[in-house]
Amino acid sequence: MSMVSEPKKILVVDDDHVITTLLDGILTAQGYQVHVAFDGLDAMVQVRKILPDLIILDVMMPELNGFDVCSNLKFNEKLKNIPIIILTSREQELDPRIGQLMGIGYMHKPIDTKILLEKVQDVIK
């Protein structure tokens, strides 16, 4: 009898409902269990509740922005090892470097589904 592994949990955090719906559809179709938060504060609550295997995180959001969420997680012993992929439409050069220093993946909107799924699979192995 083979052990069926639990589906990996991904928390998608974006204040744009079109993006969260799109990502939910793409990731659910690949067998991931998707949870959604619409701002940084909600994300912090959800992370503690579900302990996701990966967080896909927008930068520009109300309440707490994506970088605030990252730094809150990275300074928490229990949560600091949860992988994060930043998903943003911002083009500043500094952002990817900050992300790299914090051990965070980085992607630009609009989303390329194939690249997104490759990144997710790399991170969740």
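**Note on the predicted model**

1. Contacts of K109. Setting aside neighbours within four places in sequence, K109 is in contact with D14, I19, D58, L87, T88 and S89. The structure is a predicted model, and this note takes it as such. K109 sits in the loop between β5 (105-108) and α5.

2. Burial of K109. Is K109 buried or exposed? K109 counts as buried, because its relative accessibility is 18% and the cut-off for burial is under 20%. One of its contacts, D58, is 51 residues away from K109 in sequence, while the two C-alpha atoms are 9.7 Å apart in space.

3. Overall arrangement. The protein has 5 helices and 5 strands. Read from the N terminus, the order of elements is β-α-β-α-β-α-β-α-β-α. Of the 125 residues in the protein, 42% are buried. Among contacts between residues at least 6 apart in sequence, 62% join residues at least 24 apart.

4. The largest nonpolar core. This core has 22 residues. The residues with the most contacts inside it are L11, V13, I55, L57, L73, I84 and I86. Which elements give two or more residues to this core? They are the strands β1 (9-13), β3 (54-58) and β4 (84-88), together with the helices α2 (40-50) and α3 (66-74).

5. I84 within that core. I84 is listed among the residues with the most contacts inside the largest core. Beyond neighbours within four places in sequence, I84 is in contact with L54, I55, L57, C70, L73, K74, I104 and G105. Of these partners, I55, L57 and L73 are also named among the core residues with the most contacts.

6. The other core. Apart from the largest core lies another one, of 18 residues. L27, Y32, L54 and L87 are among its members. L54 is also one of the contacts of I84, and L87 is one of the contacts of K109.

7. Helices α1 and α5. The axes of α1 (residues 17-29) and α5 (residues 113-124) come within 11 Å and cross at roughly 60 degrees. α1 is therefore oblique to α5. The crossing of α1 past α5 is right-handed. On the α1 side the contact is made by L23, I26 and L27, and on the α5 side by T113, L116, L117 and V120. By class, these residues are 6 nonpolar, 1 polar and no charged. L27 in this contact also belongs to the core of 18 residues.

8. Q121. This residue is in helix α5. Q121 counts as partly exposed, because its relative accessible area is 39%. Outside its neighbours within four places in sequence, Q121 is in contact with Q30 and Y32; Y32 is a member of the core of 18 residues.

9. Helices α2 and α3. How do α2 and α3 lie to each other, roughly parallel or roughly antiparallel? Their axes come within 9 Å and cross at roughly 30 degrees. The two helices are therefore roughly parallel to each other. α2 passes α3 in a right-handed crossing. G40, M44 and V47 in α2 meet V69, N72 and L73 in α3. The contact is made up of 4 nonpolar, 2 polar and no charged residues. L73 is also listed among the residues with the most contacts in the largest core.

10. Positive phi at L51. Phi of L51 is near 45 degrees, a positive value in a residue other than glycine. L51 lies in the loop between α2 and β3. With a relative accessible area of 37%, L51 is partly exposed.

11. Positive phi at E63. E63 is not a glycine, yet its phi is positive, at about 65 degrees. The residue is found in the loop between β3 and α3. E63 counts as exposed, because its relative accessibility is 60%.

12. Surroundings of E63. Leaving out neighbours within four places in sequence, E63 is in contact with D39 and L41. E63 and D42 are 21 residues apart in sequence, with a C-alpha to C-alpha distance of 9.1 Å.

Terms used: Residues numbered from 1 in each chain as written. Predicted model: local features only at pLDDT ≥ 70, side-chain atom pairs only at ≥ 80, totals over all residues. Heavy atoms only, no water. Axes fitted to C-alpha atoms, helices over the stretch in contact; angles between N-to-C directions. Helix = DSSP H or I, 4+ residues; strand = E, 2+ residues; numbered from the N terminus. Parallel < 35°, antiparallel > 145°, perpendicular 65-115°, else oblique. Left-handed = near helix turned anticlockwise from the far one by under 90°. Contact = heavy atoms within 4.5 Å. Nonpolar A, V, L, I, M, F, W, Y, C, P; charged D, E, K, R; others polar. Core = buried A, V, L, I, M, F, W, Y, C linked by side-chain atoms within 4.5 Å. Buried < 20%, exposed > 50% of the residue type's maximum accessible area, 1.4 Å probe, protein only.
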